[in-house]
Amino acid sequence: MPLIELHNLTKDYGSFRAIDKLSLTVDNGITGLLGPNGAGKSTLIKVMLGLVSCTSGNGKVLGHDIVAECADIRTRVGYMPEDDCYLHGLSGIESVQVAAQLSRFQATEALRRGHEILDFCGMGQERYRNVETYSTGMRQKLRFAMAIVHDPELLILDEPTSGLDPEERESMLNRIQILSTQMGKAIIICTHILPDVQVVCDRVVIIAAGRVTLSEELEVLQQSPEPSLTVSFRGSANSIRDSLANHDIRVKQVDDQTLRVFGAETETSPLVWKAASAADVAIRSIVPSKTSLEEVFLKAVQETTDANS
Amino acid sequence: MNEPSTQPVLIEFESVTKLYGKVLGVNDISLTLPQGAWGLLGPNGAGKSTLLNLLTGQLLPTRGTVRVLGQDPRNNPELMRKIGYCPGFEGLYSSVTGRKWVAFLLEMHGVRRREALERAEECMAVVGMRDGMNRPISNYSRGMRQRTKIAQAIAHDPQLLILDEPLSGLDPVGRAEMTEVLRTRIANGGSLILASHVLHEIEAVTDSFLLISGGRLLASGTAEEVHELLFDLPIEVQIRCDQPERLSGLVMSAGLADHVSLGRDQSGTRLLKVATRQTADFSAQLPKWIAEHNLQVNELKTADDSLQTLFNSLMKIHRGER
Amino acid sequence: MPIHNLGYRTWKGPLSSANSRWTVIAGIGIRRAWQSMWLRRIVFFAWVPGVIMAMLIYLFEQAIADGNPSAFAYSRLADMFLGRIDGDALRHNAYTAASMSQDLVQHRRQFWCSLLQALYQRSQLIMQIMVVGLTAPALISQDMRSRAFLLYFSRPISRTQYILGKAASIACYVLVVTFLPGITLYVTGVLLSPDISIVLDTWDIPLRIVGATITMVVPTTCLGLMLSSLTTETRFASFAWFAVWIFGLFSNTVTSAFVAIGGETPLEMLSLFHVIADVQAWLLDVRPDVELDVIGPLSVLITVTIVSLTILYKRVSAPMNV
């Protein structure tokens, strides 16, 4: 049974239509929710959490109706907001404790569990300091901790890595993966950072102009329509391109040092090596070509704009 | 560019230290950068904003001297005409339209009103704000405000563009478009310094970077240059080959690797990982082996090519963990 | 088993009741407010007027015991604290009538009521204004500023629970400053009186105290919360809160001067302070012989409460609808 089922949701703010007959199903695993700004992602999340009521349509989250049973939904869902929000005047551990208590934990259990979760999030003694003294990265970790403290089955993370420096970003993505693969949680990540999606997500959903434009497994999306190799050289690729063309192999030049070689790799790869060695140019990397997620995204958004105009 | 640059040196820092009372901004930075595109990379609170403020003359160094394009940036309107700055904070007037705001800032550079308005229109179109430029800024979304800031920074066609997290808040479409704008400028001979903590943003625009942490400049250059200078760090190469055992034997007997490991990846394909310090020799030998022994090598990746791995290694060394 | 408690663990356990979550929110408010030094001082000194009133009861009882009702040493002290008759039939105290009479014992109950009314009107109401002014403004305005709504309402919390929790943290301190001194005064009186049968005579006084407290707590808490919810700056809310009372004071000065020369005006209702005092005087039954027109003041209080709550609910829902 899918975890989230939404049918024909529409939400109007006055004359502005934020979500337009949106239908979506989400299963277990990590789903990346992408979309241009203003496409309706935040509205969609609010509708899923029951924070705003939709103008029409219906849906179920974890088996609960989004209109009638939103309190139940919010008990089982953890939400990490994108905004820099915090509870004023509290320390880190107190914030997590309050978050757990608001999710119906008892006071002592909330405190104990809070410490456990802050350990998992990599927060040390700074948990005893006032939240207002925290840096952006620490606040983000704290929001993440507040989202997972009550052990929810479904996590909705809005821009989980946006303020983090490279090391923290890796750790955060790691944690998200652990929660999904080892703990079996379903996770929805809304983000603009496509490389994050490539690293972590199983599935990609693209929302544009209030509708779902694309909902597909990441692997399927990244498969190149025809097999090809992307070869990158330490030097100019021009001579190699020419010699490959002489062997009747279709080649596309991506930039000065990179070529895309079409054809079965068993045939093309030896020829590439020969040509490189003959031209005395070292090969930096050879990888099977993947459609970049950026291309997929731009294409999907473009199609929506064309369809709407 | 309006005036061809006669200055080969873009930026010169000589033992620059900036302290805010007891709090450290930057700590003894010495740097000479030639013209080109540079990414300024570092964790939060590392001193990126301090460094950029020193470059634009908004801060005076506690010690040391700063030279941009050969001049002191402090109180230097002449120099400011050659520098474009896209700040991290939002300092936009809310009731004016985007176009008028950019034009106003242009007028402050001495451009006449009519020219300023035309030029503002051009620049807003370049950053993709053709539709929104005549709406008041209070109406703009975050992404639109970012684009307007970039427009303002490029409007007077500066030699040096300084950008503080210009892509934050933009969706992937916006990122791709703005990255393209920056790449075009670089291709046309402009210099830029791009501060960000998102490595992909920097990688998409330029190879060269400056790594700063705790106010100290840790390293600068391209990933390869830096890596070569770090001793005790072999580069790991991942190879997918049909005869991995043979290849590993060849590599080890030629003495070109510290160690090799044979394993499988997540999908079960056999992988050979070679840790070597002689990348050049290895790269030269590999095609010969392939030809001699009829090997099929269909995948070759150098694990350390990404800025992420290099960043991790550098930070570990910096903390004394390696 | 070698691995005990490593990394992330799932959680299963008993959940508390969903309807008592407002206590958590109240707890945060109470602890935060307690950090204010001034609040602690006021809470401490709030008992002082009560002690003075208790002293008066003691002297009253002494006078009865002495059997000399006219040489009242206490009457001079009482003059100091309870004031004399003024032209206002509503607010002058019964003690003066009692002091005229020779029969103190008969007027004991009225004396206590007038003591309570003086306690509330002269001191506790003022203290309560300070207490609410110190606790209420930050409660909701800070939440709006730090966007805490997203954190609260993404959990199973309803708006009512939220508002109830916030109100409870104010009410807690207000009750300490108003209800507790009042009840303590009553109990002191009972303890100091010659026999326990006084309780039968005065059993309605505790209920009246409860009523008077509600009159003080409910409208002021709602008003304070509403003002807090209207802005993201705490100091504006504080200013607005105190401005309401100062304005009332001024308007009362003006209208009572007007009334003194024989006019009548409904504008007397503008002073919230006096409105509350009027309703309390009615509830505490200070002057059973005087017919008090309490409909006006009562409806003012009810209107203030309802309007405040409506605005409060709207403001609390607003951030979610963006």
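Okay, so let's start with two strands in chain B, β6(B) and strand β7, which covers residues 191-196: they pair in the parallel sense over 5 bridges. Keep in mind throughout that this is a predicted model. If you want one pair of residues to click on, take L161(B), whose bridge partner in β7(B) is L192(B).

Now, β6(B) has another neighbour as well. Strand β5 of chain B, residues 83-86, pairs with β6(B), again in the parallel sense, this time over 4 bridges. There, I83(B) stands opposite L160(B).

So how many of the residues of strand β6 of chain B are buried? The strand runs over residues 160-164, and 5 of its 5 residues are buried. Here's the general idea to have in your head: in a regular strand, side chains alternate between the two faces of the sheet. For β6(B), that puts L160(B), I162(B) and D164(B) on one side, with L161(B) and L163(B) on the other, and both faces are covered. Notice that there's an aspartate, D164(B), in that buried list.

Let's zoom out to the whole of chain B. You'll find 11 helices and 13 strands in it. The C-alpha trace spans about 70 × 45 × 35 Å along its principal axes. Of the 322 residues in chain B, 43% are buried. And if you take the contacts in chain B between residues at least 6 apart in sequence, 66% of them join residues at least 24 apart.

The domain assignment splits chain B into domain 1, residues 9-227, and domain 2, residues 230-318. Their C-alpha centres lie 38 Å apart. The contact between them takes 12 residues from domain 1 of chain B and 12 from domain 2 of chain B. Which elements give two or more residues to the domain 1 side of that contact? They are α7, β8 (208-213), β9 (216-222) and α8 (223-229) of chain B. By class, that side divides into 9 nonpolar residues, 2 polar and 1 charged.

Right, over to chain A. Its domain assignment gives domain 1, residues 4-216, and domain 2, residues 228-288. In chain A, the C-alpha centres of domain 1 and domain 2 lie 44 Å apart.

There's a nice sheet to look at here. In chain A, 6 strands form an open sheet in the order β6-β7-β8-β3-β9-β10, with mixed pairing. At the edges you have β6 (77-80) and β10 (211-217) of chain A, each pairing on one side only. From one strand to the next, the twist averages 15 degrees. Inside that sheet, strands β7 (154-158) and β8 (186-190) of chain A pair in the parallel sense over 5 bridges. L155(A), for example, stands opposite I187(A) in β8(A). And lying across β6 and β7 of chain A is helix α5 of chain A, residues 136-148, which runs at about 170 degrees to β6(A).

Next, how do the chains meet? Between chains B and A, 32 residues of chain B are in contact with 33 residues of chain A. On the chain B side, the elements that each supply at least two residues include α5 (142-154), α10 (279-293) and α11 (307-318). That side has 15 nonpolar, 12 polar and 5 charged residues.

Chain A also touches chain C: 33 residues of chain A are in contact with 27 residues of chain C. Here α2 (70-76), α3 (92-102), α4 (107-120) and α6 (166-181) of chain A each supply at least two residues of the chain A side. That side divides into 19 nonpolar, 6 polar and 8 charged residues.

Last topic, the cores. In soluble globular proteins, nonpolar side chains tend to be buried together. The largest nonpolar core in this model has 226 residues, and those with the most contacts inside it are A145(A) and L115(C). Helix α6 of chain C, residues 108-145, gives the most to this core, with 18 residues. Apart from this core lies another one of 32 residues, among them V251(A), I283(A), I235(B) and V274(B). And what does A145(A) touch, leaving aside its neighbours within four places in sequence? A145(A) is in contact with V96(A), I117(A), L118(A) and C121(A).

Key. Residues numbered from 1 in each chain as written. Chains lettered and ligands numbered in written order. Predicted model: local features only at pLDDT ≥ 70, side-chain atom pairs only at ≥ 80, totals over all residues. Contact = placed C-beta atoms within 7 Å. Nonpolar A, V, L, I, M, F, W, Y, C, P; charged D, E, K, R; others polar. Core = buried A, V, L, I, M, F, W, Y, C linked by C-beta atoms within 7 Å. Buried ≥ 20, exposed ≤ 12 C-beta atoms within 10 Å, placed from the backbone. Pairing = 2+ DSSP bridges. Axes fitted to C-alpha atoms, helices over the stretch in contact; angles between N-to-C directions. Domains from an automatic or database assignment.
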